[in-house]
Amino acid sequence: MSCEYAALTDEERGLMETIEADLDREMAVEPSPDFAARVRERISAADRDSGWSVPWAFAAAAVATIATGILLAGLRGQPVDAPAIVAGHDVALPAPTSPGPIAAASRPAVTSWRGPSSQASKASAGSRIDRRIARAAEPEVLVPDDLRVAIGRVMRMVHAGTLNPTRDVDAAGAGNQPAVRPERATAAVEEPAEPFAPMVVEELQVPPINLAGGGVEKGFGLY
Amino acid sequence: MNEWAGGYPGALVSLDEGLDREFEDRLRESSTLAFRVAYGVLRHRQDAEDVAQDAFAKAYRHFRELRDRDRFRAWLVRMTWRLAIDRWRSERRRTAREQAVAVTTADSTTEQDLVGRERAQQLWRAIDALPEKLRIAIVLSAIEGHDVRTVATLLGLPEGTVKSRLFLARKGLARSLRCLVNTRR
């Protein structure tokens, strides 16, 4: 019969008492005299560690916040291409008053305004955030179909740097020679000072027919 | 004056002075308890002190919730036991400890000492073989002559449960040790 299944006997009871006595004696150990001092030292060390960690956490958070702010400010401050500049210099972009069929026609033209140079600069910027912010900053305007090609050409010239709206349009307004070819400038830029004048049709003066006089008959006679 | 800050100039003390004094009292009256609980698992003085100090450091952080004396001691016992068991399981230094004990007791020349040491080793082996809930009960009952009620308070258990666990633990120890004695014969 194995030990596990043995019945508890008087001998075992005596053994249990002996065990308890042995165990009491074994457990009668005392910590070293400097136990409490070491506990205090450990707590002080933990306090010092936590005392360092809190300012470091604040410092790290502050640095991260400042870096994020600088990054965002830099992205917002980047030059974004120019539809707003063109509109500010009296280029004749018809006001988007009627979002009818014109709107549908103008949307592809707006996407075509992004000139090759601006696309290259965006690609070189390399950042998706960059491109997203620049795209959001470009205003979408409604243009009539017949002006779409001309406005697109002007925008491409502005993007390519061949047309400076500030210099060229002002110069043209002052009567100086524009820096762009006249036909392109007139196609794209309308001078507000010279609006299209309505055609004046003079009233037709028809003299009355006088049947009594001979001279009049000569005038209306059949040759 | 703040006793802790006075003992360690420049050290940061998180608790206020009253709490510090209370914690000092708890430390004074419970350090032996925590050390013995850890020793009951590890049976290595240095390791036991390390674990008990760790438990006190943790208790200090939660002392605002542990100001009640009984609650503090119960929390301390359970935390110390848990830390000691973790260390005992993870480090597996038992063989080294037993060897260290053998070396330190080598100068005990009397036969009575040798017999007593061997019996103690058998006892600890039998205790280690017990289930954990029986083990902590028997160890706590052997510390400072704790009665059933005190052990029940420390473990947060009903007295009847502790009583039955103590009986089962003693019975298991008696069987194991009798078996060992019979095997030796």
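**A tour of two helical chains**

Start in chain B by selecting H2(B) and helix H4 (residues 69-91): their axes come within 9 Å and cross at roughly 30°. Because angles under 35 degrees count as roughly parallel, H2(B) is roughly parallel to H4(B). Turn the view until one helix lies in front of the other, and you can follow H2(B) as it passes H4(B) in a right-handed crossing. Keep in mind throughout that this is a predicted model.

Next, show the side chains along this pair. Which residues of H2(B) meet H4(B)? From H2(B), select Arg26(B), Ser30(B), Leu33(B), Ala34(B), Val37(B), Ala38(B), Val41(B) and Leu42(B). Facing them in H4(B) are Phe72(B), Arg73(B), Leu76(B), Val77(B), Thr80(B), Trp81(B), Ala84(B), Ile85(B), Arg87(B) and Trp88(B). Colour this contact by residue class and you will find 13 nonpolar, two polar and three charged residues.

Now zoom out to the whole of chain B. Its secondary structure comes to nine helices and zero strands, so a cartoon view will give you the pattern α-α-α-α-α-α-α-α-α along the sequence. How much of chain B is buried? Buried residues make up 34% of its 185 residues. If you draw the contacts of chain B with a separation of 6 or more, 58% of them link residues 24 or more positions apart.

Move across to chain A, and select it on its own. Here the count is ten helices and zero strands, and reading along the sequence gives α-α-α-α-α-α-α-α-α-α. Of the 223 residues in chain A, 13% are buried. Among its contacts between residues at least 6 apart in sequence, 76% join residues at least 24 apart.

For the last stop, bring both chains back into view and select where they touch. On the chain B side, 34 residues are in contact with 29 residues of chain A. Which elements of chain B should you highlight for their share of two or more residues? Pick helix H1 (3-7), helix H2 (17-42), helix H3 (45-61), helix H6 (111-128) and helix H9 (159-184) of chain B. Colouring the chain B side of this contact by class shows 20 nonpolar, six polar and eight charged residues.

Finish by returning to H2(B), where the tour began: this helix is on the list of elements on the side touching chain A, and H2(B) also meets H4(B) within chain B.

Technical notes. Residues numbered from 1 in each chain as written. Chains lettered and ligands numbered in written order. Predicted model: local features only at pLDDT ≥ 70, side-chain atom pairs only at ≥ 80, totals over all residues. Contact = placed C-beta atoms within 7 Å. Helix = DSSP H or I, 4+ residues; strand = E, 2+ residues; numbered from the N terminus. Nonpolar A, V, L, I, M, F, W, Y, C, P; charged D, E, K, R; others polar. Axes fitted to C-alpha atoms, helices over the stretch in contact; angles between N-to-C directions. Parallel < 35°, antiparallel > 145°, perpendicular 65-115°, else oblique. Left-handed = near helix turned anticlockwise from the far one by under 90°. Buried ≥ 20, exposed ≤ 12 C-beta atoms within 10 Å, placed from the backbone.
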